[in-house]
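Here's a quick briefing to read next to the model. Have the viewer open and click along as you go.

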Amino acid sequence: AAPARSPRRWWHKLLLALAALVLLLVVLLGGGWWWMGQADSLASTLTRVAGWLPSGQTLEAKEVQGTLRHGGKIGWLRWTSPTLQVEVEQADIGWQLSPLLSRELRLGQVHIGTVRIRSTPDPTDQTPTEPLQSLTLPLRIDLPFQVDTVVWQGTPEVQATELQGHYRYTGSHHQLAVNSLRWAEGRYAAQLKLQGAA
């Protein structure tokens with residue numbers, strides 16, 4: 001008869017397998033943390049996001065500097081969809097990565113030189129636009145922002161300057177505070193609160 005296996009050997013192999021698994025997890029997390037601190041991690045992430053966008057949408061960026069851990073600077077960025085184009089120049093973005101663990105995106109600062117927005121509707125599409133029934137997001141957002149110039153490229157073209165404010169999404173409500181906006185020789189402020197779900 002074959003000798004019975006010692007229970008100690010079985011537990012010993014199981015403990016070794018668990019230790020190897022924990023070590024592998026630590027190495028992967030450490031490598032990811034190290035990569036997010038590299039000077040080209042922000043540019044690499046924008047390139048990957050551009051590849052994940054749905055069909056008909058594009059994302060282009062130039063002069064990108066910074067890390068995923070602390071934010072950075074984007075010289076030029078353009079997002080295009082079949083009905084809208086948004087172009088951003090001289091964006092300085094700072095954020096904290098640790099709040100993402102509790103499902104919160106907290107940006108320390110967003111300062112943008114110029115934002116250009118252009119509507120590009122399909123002239124053959126006669127389908128009326130449906131209003132949003134709900135706008136819920138997968139995480140809470142805290143976003144203070146400052147935009148030097150906002151240009152709506154339409155007919156006529158509209159330009160506003162010195163836009164400063166704060167946007168928050170609490171999980172149930174969207175809150176927008178426009179502290180300052182200069183347009184047509186006037187200065188404006190606004191408060192807006194919308195329910196996230198109908």
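**Starting point: Ser-41 and its helix**

Ser-41 sits in helix α2, which covers residues 41-52. Keep in mind that this is a predicted model. From Ser-41 we'll go on to a nonpolar patch, then the salt bridges, then some backbone oddities.

**Ser-41 up close**

- With a relative accessible area of 0%, Ser-41 counts as buried, because the cut-off for that label is under 20%.
- What does Ser-41 touch, once neighbours within four places in sequence are set aside? The contacts are Trp-35, Met-36, Gly-66, Thr-67 and Leu-68.

**The two sides of α2**

- The length of α2 checks out: at 1.5 Å a residue, its 12 residues should span 16 Å, and the end C-alpha atoms are 17 Å apart, which agrees.
- Which residues of α2 are buried? They are Ser-41, Leu-42 and Leu-46.
- Those three cover an arc of only 135° around the axis, so they end up on the same side of α2.
- As background, an α-helix has 3.6 residues a turn, so residues three or four places apart point the same way.
- Flip to the other side of α2 and you get Thr-47, Arg-48 and Gly-51, which are exposed.

**A nonpolar patch on the surface**

- If you're colouring by surface character, look for a nonpolar patch of about 880 Å².
- Its members are Trp-10, Trp-11, Leu-14, Leu-15, Leu-18, Leu-21, Leu-24 and Leu-28.
- Trp-10, one of the patch residues, belongs to helix α1, residues 7-36.
- Trp-10 has a relative accessible area of 55%, so it counts as exposed, the cut-off being over 50%.

**Salt bridges: Glu-60 and Arg-78**

- The model's salt bridges come to a count of 8.
- One of them pairs Glu-60 with Arg-78, with the closest N and O atoms 3.1 Å apart.
- Glu-60 is in strand β1 (residues 58-67) and Arg-78 in strand β2 (residues 71-80), so this pair ties together parts that are 18 residues apart in sequence.
- Both ends count as partly exposed: Glu-60 has 32% relative accessibility, and Arg-78 has 23%.

**Salt bridges: Glu-162 and its arginines**

- Glu-162 forms a salt bridge with Arg-182, where the closest N and O atoms are 3.5 Å apart.
- That pair links distant parts of the chain, with Arg-182 in strand β7 (residues 173-183) and Glu-162 in strand β6 (residues 158-169), 20 residues apart.
- Arg-182 is partly exposed, at a relative accessible area of 34%, and Glu-162 is partly exposed too, at 35%.
- Glu-162 also forms a salt bridge with Arg-187, and here the closest N and O atoms are 2.8 Å apart.
- Since Arg-187 lies in strand β8 (residues 186-195) and Glu-162 in strand β6, the pair ties together parts that are 25 residues apart in sequence.
- Arg-187 has a relative accessible area of 45%, which makes it partly exposed.
- Back to Glu-60 and Arg-78: salt bridges that share partners join these two and Glu-87 into one network.

**Backbone oddities**

- Is the peptide bond from Thr-155 to Pro-156 cis or trans? The bond is cis, with omega near 5°.
- Pro-156 is in the loop between β5 (140-152) and β6.
- Gln-90 isn't a glycine, yet its phi is positive, near 55°.
- You'll find Gln-90 in strand β3, residues 84-96, and it is exposed, with a relative accessible area of 53%.
- Glu-162 turns up again here: this residue is not a glycine either, and its phi is positive at about 55°.
- So one stop in strand β6 lets you look at the phi of Glu-162 together with its salt bridges to Arg-182 and Arg-187.

Note on methods. Residues numbered from 1 in each chain as written. Predicted model: local features only at pLDDT ≥ 70, side-chain atom pairs only at ≥ 80, totals over all residues. Heavy atoms only, no water. Helix = DSSP H or I, 4+ residues; strand = E, 2+ residues; numbered from the N terminus. Buried < 20%, exposed > 50% of the residue type's maximum accessible area, 1.4 Å probe, protein only. Contact = heavy atoms within 4.5 Å. Patch = residues over 30% accessible without salt bridge, like charges linked within 9 Å, V, L, I, M, F, W, Y side chains within 5 Å. Areas by Shrake-Rupley, 256 points an atom, 1.4 Å probe, with all protein chains shown as cover. Salt bridge = Lys/Arg side-chain N within 4 Å of Asp/Glu carboxyl O. Expected span 1.5 Å × (residues − 1). Arc of directions from axis to C-beta.
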